[in-house]
Number of protein chains: 2
Amino acid sequence: MLAEIITIGDEILIGQIVDTNSAWMAQRLNETGIRVKQISSVSDDRQHILTAFAEARNRADVILITGGLGPTKDDITKKTLAEYFGVGFKLDEGALENVKKIFARYNRPLLDVNIKQAEVPENCEVLPNNNGTAPGMWFNHEGKIYVSMPGVPHEMQYLMQESVIPKLSAAFHLPKVIHQTILTAGEGESFLAERIADIEESLPPEVKLAYLPKLGQVRLRLSGYEDKEGQLAGQIAHYINLIVERVKNVVVTIGDIPIEKAIMDKLEARGETLSVAESCTGGYISHLMTQHPGSSAVFLGGAISYAYELKESMLGVKNETLWQFGAVSEETATEMVEGALLNFKSDYAIAVTGVAGPGGGTAEKPVGTVWIAAASKTNRIVKKFTFGSKRQQNIERAAITAFTLLNTLLTDSSKSGEIV
Amino acid sequence: MLAEIITIGDEILIGQIVDTNSAWMAQRLNETGIRVKQISSVSDDRQHILTAFAEARNRADVILITGGLGPTKDDITKKTLAEYFGVGFKLDEGALENVKKIFARYNRPLLDVNIKQAEVPENCEVLPNNNGTAPGMWFNHEGKIYVSMPGVPHEMQYLMQESVIPKLSAAFHLPKVIHQTILTAGEGESFLAERIADIEESLPPEVKLAYLPKLGQVRLRLSGYEDKEGQLAGQIAHYINLIVERVKNVVVTIGDIPIEKAIMDKLEARGETLSVAESCTGGYISHLMTQHPGSSAVFLGGAISYAYELKESMLGVKNETLWQFGAVSEETATEMVEGALLNFKSDYAIAVTGVAGPGGGTAEKPVGTVWIAAASKTNRIVKKFTFGSKRQQNIERAAITAFTLLNTLLTDSSKSGEIV
């Protein structure tokens, strides 16, 4: 079962908005066992839309269309759908009631253009939209299903969850899709590939392995489709175990979640807390954690000690350490992480100090030089890294690497009592 | 001049990543005078990629391709391009040098798969990629231009800025586009539109005004195309001045830069410094500032006081204030901002404390309730805001609003000596 997503609207093509709808829809469709064959973004142009429909029909069984259903003149999706199917329009009483109800709720007069939103192509089955005035529209035409939805994310999401996914599940005998992801950190894609080359070779044809590298992490994703439920899940679990066993020193978690979330989950399960001392990452590590609901169970807070003075006053880094070894040094990173543990009273702490760039580099400590420390009361890792010349990337890599070191510490914490 | 963007990779079609590359590319292309006709996301599948090339060729003059250039087996873009053009491969010495340099920098052995990254289709002109091992590739084939770039955002961006945009500008006679943007904060789109309605009416047809609203800010962009350079720039400057004069109380800056950058520029020009006390924004405000080069000239650092205890120990918020009024209160926000000024010795400080959600809300202080303070030694603004129910959006809006309050304080600082 293949689907194509067509988003209609000039705002995507001029880059004014990022299309987040398609990723959301693709996730829901994949969970349901429908593979997305293509995502196409096209302009508010009649001929262009007609061509997109015709091309999609040749590729997919289900064509999901978002956008272009507003009341203004530049919204032409509905008219173009009627032309494509060769039908006229009908007024849908249910859709009209919905429009009236919404206008009554906001105490607004009902205009002609608003009533027109309840007019739909004659061959359409209306999908009620509780979150907006434009109804969803379901078409069954020459063996293909077309669904048109508004581009407003929460309206589209409502329609997908309440109508489209249930109707698609009912209409087709859908194959089961299984994804399983291993999150690794601290080893490059090609080295990982070498380490598991024989496992990859031995995969049956129905199981696919993808390498998804990003900033010092590689996600290994096994996926496949099957008809008889259960068998493939077991097979994938088997290969997941083989891979994890092989590369366990760099495995953060099994599952497709961000590294900081995986680490917070581990800490929460152990009832332990974390604080930070951020210099060159400037709040990014804290932000990564606090973007997740429930982070306060693990994350206490910390210091953004950008200036020398704040490294001393907030973290107790010694003035002579800063002047003798510099802010970017093993000694300063060590005093920062120890200061965080002491002052913020957390079980674990991470500290980062480096030259993010583009300025501030020296021959001895060029841009990209970053010292990172992770520590508990009994264990500590302090390491120097040499990243690149791009500031934003240095910040992101330093943050991910800090979590990677903390992961090593958490994984090794059985052998506690030593400073590694 | 029409372009099509083709992104290749299953990770987009399963919804694992949101395609932010296309919007970024579309913006750059539009600024250059190239209109994006379609954006297509296709799978790592030979036949599908070939079909996408053939369809794009019929719609566009320039086909920009991202993704599928990694060293692993699932990356087949390069092989498919060679098949599409009917050519073999050549080893590019420059690309090989680049791969060697990168591996030397990280002290890693060079594997065969890495050397293969320097092999390119025979008809290709290599575009140097300083940020990664996969080179950009430029093809001129039967009157159409094809460009293949890695999908890693900063590698794609480097190639676009350094090679692709300059080469496209040189290859075609592109109309000159002039943009000028006013950044406003703290007033809604429709209110702004009412205030400048007569100016908008008086614009000549060749000058277009766009309202670009985002998270409490509205960017007003004047733009136009012209052949004879100079004349339109003067006209746009004239209307920019009219609009700024009219709505100056909400203007942050002239220029298309982020609000935190505009504020840091103002502070730097005045030789003044800033610190923060972040609770519910959890480091996001600090991150926004420190992502910009040179932020250390203005930004000293601050406290991520997520836990109660850290509000007391880092900022001197009184225990009885927290228990009597709660962490989310005018009193706590005030003590936080005063504590930041005192402890971190900055000229200005901002403080944020609120309920980001989804948990933690009460009847009296529902999710989205945020107290924000901005202060100098002589002025202070403390205000309550009620944002929405989405955590990430609440964090972003609180951060932008904190900068908006600080902008008001900076704009008003001529009338100092009073606590507003």
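**Stop 1: the hairpin of β7 and β8 in chain A**

Select N140(A) first; this residue stands opposite I145(A), which belongs to β8(A). The model on the screen is a predicted one. Now extend the selection to β7(A) and to strand β8 (residues 144–149) of chain A, which pair in the antiparallel sense over five bridges. Together β7(A) and β8(A) form a hairpin, with two residues between them. In the turn, E142(A) has a positive phi of about 50°.

Next, select H141(A), which lies in strand β7 (residues 136–141) of chain A. Is H141(A) buried or exposed? Its relative accessibility is 18%, and buried means under 20%, so H141(A) counts as buried. Setting aside neighbours within four places in sequence, H141(A) is in contact with F85(A) and Y146(A). For a sense of scale, display T20(A) as well: T20(A) and H141(A) are 121 residues apart along the chain, and their C-alpha atoms are separated by 28 Å.

Colour the whole of β7(A) by accessibility. The strand is mostly covered, with five of its six residues buried. Then add strand β6 (residues 125–127) of chain A, which pairs with β7(A) in the antiparallel sense over three bridges. Within this pairing, L127(A) has G136(A) of β7(A) as its bridge partner.

**Stop 2: strand β3 of chain A**

From β8(A), move to strand β3 (residues 62–66) of chain A. Five bridges join β3(A) to β8(A), and the two run parallel. To see the match, select I63(A), which stands opposite Y146(A) in β8(A). β3(A) is also joined by five bridges to strand β1 (residues 2–8) of chain A, again in a parallel arrangement. Here A3(A) stands opposite V62(A) in β3(A).

How many of the five residues of β3(A) are buried? Five of the five are, so the strand is largely enclosed by the rest of the structure. In a regular strand, side chains alternate between the two faces of the sheet. Rotate the view to inspect each side of β3(A): V62(A), L64(A) and T66(A) are on one side, I63(A) and I65(A) are on the other, and all are buried.

**Stop 3: a four-stranded sheet in chain A**

Select β9, β10, β11 and β12 of chain A. These form an open sheet with antiparallel pairing, in the order β10-β11-β9-β12. Which strands are at the edges? They are β10 (208–214) and β12 (251–254) of chain A, each of which pairs on one side only. On average, neighbouring strands of this sheet are turned by 20° against each other, direction ignored.

Within the sheet, isolate strand β9 (residues 176–185) and strand β11 (residues 217–226) of chain A, which pair in the antiparallel sense over ten bridges. K176(A) has E226(A) in β11(A) as its bridge partner.

Now add two helices that pack on this sheet. Helix α10 (residues 231–246) of chain A touches β9, β11 and β12 of chain A, and its direction makes about 160° with that of β11(A). Helix α11 (residues 259–270) of chain A also touches β9, β11 and β12 of chain A, while its direction makes about 80° with that of β12(A).

**Stop 4: helix α3 in both chains**

Two packed helices are described by the angle between their axes and the distance between the axes. Select helix α3 (residues 46–59) of chain A together with α3(B): the axes come within 13 Å and cross at roughly 165°. That angle makes α3(A) roughly antiparallel to α3(B). The contact is made by H48(A), E55(A) and R59(A) on one helix and by H48(B), E55(B) and R59(B) on the other. By class, this contact has no nonpolar, two polar and four charged residues.

Keep helix α3 (residues 46–59) of chain B selected and add helix α4 (residues 77–85) of chain B; the two pack at an angle of about 55°, with axes 10 Å apart. They are therefore oblique to each other. Residues in this contact include I49(B), L50(B) and F53(B) of α3(B), and L81(B) and Y84(B) of α4(B). The contact has six nonpolar, one polar and three charged residues.

**Stop 5: S275 in chain B**

Finally, select S275(B), found in strand β13 (residues 274–278) of chain B. S275(B) counts as buried, because its relative accessibility is 0%. Not counting residues up to four places away in sequence, S275(B) touches several residues, among them G301(B), A340(B), F344(B) and Y348(B).

Methods: Residues numbered from 1 in each chain as written. Chains lettered and ligands numbered in written order. Predicted model: local features only at pLDDT ≥ 70, side-chain atom pairs only at ≥ 80, totals over all residues. Heavy atoms only, no water. Axes fitted to C-alpha atoms, helices over the stretch in contact; angles between N-to-C directions. Parallel < 35°, antiparallel > 145°, perpendicular 65-115°, else oblique. Contact = heavy atoms within 4.5 Å. Nonpolar A, V, L, I, M, F, W, Y, C, P; charged D, E, K, R; others polar. Buried < 20%, exposed > 50% of the residue type's maximum accessible area, 1.4 Å probe, protein only. Pairing = 2+ DSSP bridges.
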